[in-house]
Structure formats: structure tokens, C-alpha cells
Amino acid sequence: MRTVAVIGGGPAGMMAAISAAREGADVTLYEKNPKLGKKLFITGKGRCNLTNGCDVSEFFDNVVTNSKFLYSAIYSFTNVDTMAFFEGHGLKLKEERGQRIFPTSDRSSDVIKTLEKALKDAGVRVVLNREIKSVNELNEDAIIIATGGLSYQSTGSTGDGYVFAEAIGHEIVKPQPSLVPIRLKEPYVKQLEGLSLRNISIKITNWKGDELYSDFGEMLFTSRGVSGPVILSASGVAGRYINTKGDCTLHIDLKPALNEEQLDDRILRDFEGARNRDFRNSLDKLLPTKLIPVIVNLSGIDPFKKVNEITRQERESLVKLLKDFCFEINKTEGFEQAVVTSGGVSVKNINPSTMESKLQKNIYFAGEVIDVDAFTGGFNIQIALSTGFLAGQSAAKEE
Ligand SMILES: Cc1cc2nc3c(=O)[nH]c(=O)nc-3n(C[C@H](O)[C@H](O)[C@H](O)COP(=O)(O)OP(=O)(O)OC[C@H]3O[C@@H](n4cnc5c(N)ncnc54)[C@H](O)[C@@H]3O)c2cc1C
């Protein structure tokens with residue numbers, strides 16, 4: 001019987017072990033923590049957004065890095081297969097906004113329990129508290145490296161797989177935090193801490209003004225920058241640009257549904273109803289309270305000026321500010337706050353139809369250790385499950 005070792009008990013490793021065992025292999029799963037799925041436990045704020053209910057073809061639009069490499073893996077175990085797998089093992093699922101799939105119980109621990117049961121049913125030997133130091137210490141016929149990336153290292157993902165892969169000649173694309181908050185240079189950001197904005201659009205530009213990224217949705221201010229869905233999605237592009245090329249700027253359009261003329265009309269209407277108020281007290285219908293003092297200050301308009309004395313030019317500059325509220329990006333936060341790691345074992349060194357190394361027979365990769373990453377929405381766990389499934393299936397087969 002072919003023996004398979006899986007290093008790492010995250011979603012990729014667990015699924016790899018299940019699929020290899022179901023193919024008839026004798027499988028051992030090694031995990032350095034005292035329990036499986038430590039990172040999985042904290043996903044989706046403890047609720048685990050385990051996949052996305054989108055059409056499979058749309059899945060690839062949500063993959064940021066190396067989507068083509070993932071074709072075989074995703075089609076070998078699709079998001080629909082994931083839902084069938086969990087429901088088949090008795091875990092009820094529900095779909096939320098953005099087609100995000102969660103367990104109905106809202107408990108990530110139920111996802112882990114389901115995987116543990118499937119491991120047991122498939123006959124996988126699980127060895128906990130065992131940190132693999134080198135692939136050479138394993139005697140199995142095939143080895144699947146599913147050690148994860150570098151983010152939230154307290155969960156056990158400390159980049160060990162990169163060391164294993166590099167030692168046997170694989171190229172490692174420099175790991176970088178992704179889906180991570182962004183730090184801004186402007187000191188008044190602190191004043192905005194806790195403010196969340198909905199229905200805004202953002203743009204990231206480089207120092208020449210060229211657009212690098214744009215999006216529409218929700219964001220929030222933190223003590224030293226910004227976070228929330230549109231920011232996390234933009235962070236990979238911004239981080240890579242800052243690290244390799246230079247400065248970039250975040251532009252927020254606070255009123256994307258209105259063009260400048262429409263916004264000016266809207267402000268005029270608000271001003272009509274508040275003719276004798278000070279400017280600083282005239283924006284409460286237009287903006288959230290926390291934002292008003294900052295906008296008033298940046299507008300250059302005297303805060304005590306009566307609304308009926310505000311000139312057309314002053315209004316124009318206010319409109320421009322609301323349509324293009326700009327911040328200099330300092331840097332992205334580090335791995336300790338990153339949802340995923342971008343970078344990892346180069347896909348050039350991995351066969352996409354099997355997940356086997358092109359450099360070393362019987363070595364396979366699965367999950368975040370590979371240079372693939374996606375947006376939020378359940379896509380990253382699905383990538384872990386799909387690549388794990390394919391690696392397990394391939395590793396179980398005699399060459
Ligand atoms: C806060 C947070 C929230 C997230 N929420 C979501 C979400 O809702 N939906 C989503 O799709 N994605 C989410 N993600 C991303 C998702 O968790 C990861 O993409 C996914 O866990 C990657 O799976 P993996 O199996 O490749 O790696 P991991 O889950 O990191 O698992 C790797 C395992 O390998 C073990 N290991 C490492 N080295 C060794 C070694 N030398 N010997 C033995 N064991 C070892 C580690 O202890 C770890 O258990 C979130 C991430 C974070 C940090």
C-alpha cells in the first residue's frame with residue numbers, strides 16, 4: 001500500500017489527507033499544534049466563511065494571484081463539491097451577502113469537527129504536537145506540504161513549507177502580507193477611528209497618478225489607517241507597489257452616485273435649508289458626524305462663515321474634496337494582521353494538474369504555501385480545499 005505523509009493540519013492538509021486515504025493510501029497527517037485547524041477556528045470572525053456560492057467560472061475572477069494555475073485544482077473539487085462534502089457529513093450551510101457560505105450554526109468549530117470526522121472515517125492517522133523539521137525525517141512514499149503561509153503566526157503558520165521547498169531547489173516568490181489593513185500618513189486619521197463608510201468608491205494611484213486599483217463598497221478607519229472589505233482587497237496591490245516601486249495614494253469618493261454637478265446641487269439644497277448656520281454646522285445631512293470636522297478643516301472654508309456667504313469657488317473645492325478625499329499610504333500592516341500571505345512556492349515549479357513538484361518526484365504542495373491568493377468571500381479556504389483534494393488524489397496514486 002502506498003504511504004502518504006501530509007505536513008500541516010489546516011484545511012489544505014486535512015482535505016489532502018482525506019482524499020489520499022479515500023484513494024486507498026495509508027495516510028499520516030502531522031500537525032505541530034495540539035489540535036487541528038487552529039487558523040480555521042478564527043476564520044470569518046469565528047464563523048468560517050468556508051466557500052463562495054458563485055458560479056465556478058466566476059470563482060477565478062476573485063483569485064488575485066495565479067488564477068490559471070488553479071484551473072485543474074478548482075475543477076477537481078469545486079465550491080459546489082465543498083458544499084456537498086460538508087452537507088453530506090451533516091453540516092448545514094447557509095448563504096449570506098456576496099454568496100458567502102457559512103455553517104448555519106455560525107461556528108467554525110463545526111467545520112473543524114466535520115473535517116475531523118471525515119479524517120476518521122477515511123482512516124487517516126493524525127499525529128498532533130509533531131513539528132516536522134525537514135522532509136527527510138519522513139519515510140512515506142509521498143509527502144504533501146500543506147504548512148500554510150506566514151500570517152497570524154500564533155496559529156502555527158510560520159512559513160516552514162517555504163524552507164522545506166527551498167531546500168530542495170524550489171523558487172519562493174517573496175511572501176508579503178495581503179488582505180491586510182493599510183496605514184496612512186495623515187495624522188487626522190486618528191480622529192476618524194471607528195468610522196465606517198458604506199457605498200463609497202476607492203482608487204489607489206501611484207505617484208504619477210496612474211490608477212492601480214479601484215473598487216466600490218465598504219471600509220472603515222482604524223487608529224492609524226483604514227481597513228474593511230474594499231481596503232483589504234486593495235492591500236495586495238498597494239503593498240506590492242510600495243515595496244517595489246514607490247509611494248501611492250488612496251482616493252475615496254464619498255459620493256460616487258453623484259457627479260460633481262449633482263453633488264453641487266445637493267449641497268446647494270442643503271445650504272438653502274441652513275442659510276444662517278455656520279459652515280461647520282451645515283453638513284450633517286451630507287456626512288457622518290465624525291467626518292464633518294475633518295472635512296470642514298480640509299475644505300479651507302472658514303468654519304464660522306455663514307452658509308449664505310460661501311462662494312461658488314468655495315463650494316467647488318468642497319465638492320472636489322468630497323469626490324476625492326485623498327490620503328498618502330504609509331505601508332500595509334504586517335503578517336500579524338494579514339488574512340492571507342501573497343507569494344510562496346512558485347507555481348512554475350508545480351504541476352497544476354497534480355500539485356506535484358516539477359523538481360522532486362513524490363513531493364506535493366497544497367494551500368496557502370503555494371504562490372496563490374484570493375479576495376475575501378470564502379475563496380481562500382476553497383483554494384486550500386481544492387489544491388488539497390487534488391494533491392491527495394495524485395499522491396495516493398502509484399507512479
Ligand atoms: C483572521 C483570519 C480570517 C480568515 N477568514 C477566512 C474566511 O472566512 N474565509 C476564507 O476563505 N479564508 C479565510 N482566511 C484565510 C484562510 O484561513 C487560509 O487561507 C487557510 O487557512 C489556508 O489553509 P492552509 O491549510 O493552506 O494553511 P493553514 O490553515 O495555515 O494551516 C497550516 C497548518 O500547518 C501547520 N504546520 C505548519 N508548519 C508545520 C510543521 N513544520 N509541522 C507540522 N505542522 C505544521 C500549522 O500549525 C497549521 O495548522 C482567514 C485568515 C485569517 C488569518
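The following paragraphs lead from the overall chain to the ligand site and then to three individual residues of a predicted model.

The chain contains 12 helices and 18 strands. Its C-alpha atoms occupy a box of roughly 85 × 45 × 35 Å along the principal axes. Of its 399 residues, 55% count as buried. The accessible surface amounts to about 17,600 Å², and carbon and sulfur atoms contribute 48% of that surface. Among contacts with a separation of 6 or more, 75% join residues that lie 24 or more positions apart.

Helix H1 offers a starting point within this framework. The helix covers residues 11–22. Because each residue should add 1.5 Å, its 12 residues are expected to span 16 Å, and the end C-alpha atoms are indeed 16 Å apart. Is H1 enclosed by the rest of the structure or open? Of its 12 residues, 11 are buried, so the helix is largely enclosed by the rest of the structure. The buried residues include Pro11, Ala12, Gly13, Met14 and Met15 at the start of the list, and Ser19, Ala20 and Ala21 also belong to it. Just after H1, Gly24 adopts a positive phi of about 105°.

H1 also takes part in the surroundings of the ligand. Together with helix H2 (38–46), helix H7 (160–167) and H12, H1 belongs to a group in which each helix supplies at least two residues of the shell. Which residues around the ligand come nearest? Of the 37 residues there, these are Glu31, Ser157, Asp160, Glu368 and Ile381. By residue class, the shell divides into 15 nonpolar, 15 polar and 7 charged.

Several distances describe how the ligand meets polar atoms of the protein. An oxygen atom of the ligand is 2.9 Å from a polar backbone atom of Ala12, a residue that is buried in H1. A nitrogen atom of the ligand lies 2.9 Å from a polar backbone atom of Ile132. For Asp160, the partner is in the side chain: one of its N or O atoms is 2.8 Å from a nitrogen atom of the ligand. The ligand on its own has 1,000 Å² of accessible area, and the protein covers 95% of it.

Helix H12 (residues 379–396) contains Gln382. Gln382 has a relative accessible area of 0% and is therefore buried, the limit being under 20%. Beyond residues up to four places away in sequence, Gln382 touches Leu50, Thr51, Phe59, Phe77, Thr78, Asn79 and Thr82.

A second buried residue, Phe221, is found in strand E12 (residues 211–221). Its relative accessible area is 1%. Apart from neighbours within four places in sequence, Phe221 is in contact with Val189, Leu192, Glu193, Gly194, Leu195, Leu197, Val226, Ile252, Phe325 and Phe327. Ile231 stands 10 residues from Phe221 in sequence, and their C-alpha atoms are 10.0 Å apart in space.

Asp270, in helix H9 (residues 260–272), completes the set. Why does Asp270 count as buried? Its relative accessible area is 13%, and because the limit is under 20%, Asp270 falls within the buried class. With neighbours within four places in sequence left aside, the contacts of Asp270 are with Lys285 and Leu286.

How values were computed. Residues numbered from 1 in each chain as written. Predicted model: local features only at pLDDT ≥ 70, side-chain atom pairs only at ≥ 80, totals over all residues. Heavy atoms only, no water. Helix = DSSP H or I, 4+ residues; strand = E, 2+ residues; numbered from the N terminus. Buried < 20%, exposed > 50% of the residue type's maximum accessible area, 1.4 Å probe, protein only. Contact = heavy atoms within 4.5 Å. Expected span 1.5 Å × (residues − 1). Near = heavy atom within 4 Å. Polar contact = N/O pair within 3.5 Å; in protein donor to acceptor, adjacent residues only side chain to side chain. Areas by Shrake-Rupley, 256 points an atom, 1.4 Å probe, with all protein chains shown as cover. Nonpolar A, V, L, I, M, F, W, Y, C, P; charged D, E, K, R; others polar.
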